[in-house]
Amino acid sequence: YRTDVSMPIPRRKPVLAGISFDQEGRLWVARTVAKGEARESDLFGQDGTFIAHVTWPKGVATGVIAARGRQAIATMVDPDGVVSVVKVEFK
């Protein structure tokens, strides 16, 4: 832990990076992960039952545009900063 940094550095990160609902009414709970790691989400049904733990491909942005079944549409940023819309299929 460094004390000579001019801006405050949090000692902890929040457990959750965000939550959202898809077109089927399922709850997506995005976990906070280390920088450069693949995103992770927990998926819950409309009745609150746990459905799956999902690992997103590296580079996929945190915002999900749409999700249905085992597919999602999201955004991805390449190393040059170019944003693309991508379709992701979960196993």
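A salt bridge, as I use the term today, is a side-chain nitrogen of Lys or Arg within 4 Å of a carboxyl oxygen of Asp or Glu. With that in mind, and remembering throughout that what we have on the screen is a predicted model, let me begin with Arg 31, whose closest approach to Asp 42, taken between N and O atoms, is 3.0 Å, and which forms a salt bridge with that residue. This pair links distant parts of the chain, since Arg 31 belongs to strand β2 and Asp 42 to strand β3, with their positions eleven residues apart in the numbering. Asp 42 has a relative accessible area of 12% and is therefore buried, whereas Arg 31, at 34%, counts as partly exposed.

Arg 31 also forms a salt bridge with Glu 40, where the closest N and O atoms are 3.6 Å apart. Glu 40 is partly exposed as well, because its relative accessibility is 24% and the buried class stops under 20%.

How many salt bridges does a search of the whole structure find? There are five, and besides the two at Arg 31 I would point to the one between Arg 70 and Glu 89, with 3.7 Å between the closest N and O atoms. Here again the pair links distant parts of the chain, with Arg 70 in the loop between β5 and β6 and Glu 89 in strand β7, which covers residues 83-89, the two being 19 residues apart. Arg 70 is exposed, its relative accessible area being 52%. Elsewhere, Asp 22, Glu 24 and Arg 26 are joined into one network by salt bridges that share partners.

Let me turn to the aromatic side chains. A pair of aromatic rings is described by the distance of the centres and the angle of the planes. The structure holds two such pairs. In one of them, Trp 28 and Trp 56 sit 5.7 Å apart, centre to centre, with 50 degrees between the planes, and the arrangement is tilted. This pair, too, links distant parts of the chain, for Trp 28 is in strand β2, Trp 56 is in the loop between β4 and β5, and 28 residues separate them. Both partners are buried, Trp 28 with a relative accessible area of 6% and Trp 56 with 1%. In the other pair, the ring centres of Phe 44 and Phe 50 are 5.7 Å apart and the planes stand at 70 degrees, so this pair is edge-to-face. Phe 44 counts as partly exposed at 22% relative accessibility, and so does Phe 50 at 49%.

Which side chains, then, meet Trp 56 apart from its aromatic partner? One of them is Arg 39, which lies over the face of Trp 56, at 4.4 Å from the ring centre. Another is Ser 41, whose side chain makes a polar contact of 3.0 Å with the side chain of Trp 56. Ser 41 lies in strand β3, residues 40-44, and counts as buried at 1% relative accessibility.

Finally, a word about the surface. Val 15, Leu 16 and Ile 19 form a nonpolar patch there, and together they have about 330 Å² of accessible area. Leu 16 lies in strand β1, which runs over residues 16-21, and Leu 16 is partly exposed, with a relative accessible area of 46%.

Terms used
Residues numbered from 1 in each chain as written. Predicted model: local features only at pLDDT ≥ 70, side-chain atom pairs only at ≥ 80, totals over all residues. Heavy atoms only, no water. Patch = residues over 30% accessible without salt bridge, like charges linked within 9 Å, V, L, I, M, F, W, Y side chains within 5 Å. Areas by Shrake-Rupley, 256 points an atom, 1.4 Å probe, with all protein chains shown as cover. Helix = DSSP H or I, 4+ residues; strand = E, 2+ residues; numbered from the N terminus. Buried < 20%, exposed > 50% of the residue type's maximum accessible area, 1.4 Å probe, protein only. Phe/Tyr/Trp six-rings, centres within 6.5 Å; stacked < 30°, edge-to-face > 60°. Lys NZ or Arg CZ within 6 Å of the ring centre and 35° of its normal. Polar contact = N/O pair within 3.5 Å; in protein donor to acceptor, adjacent residues only side chain to side chain.
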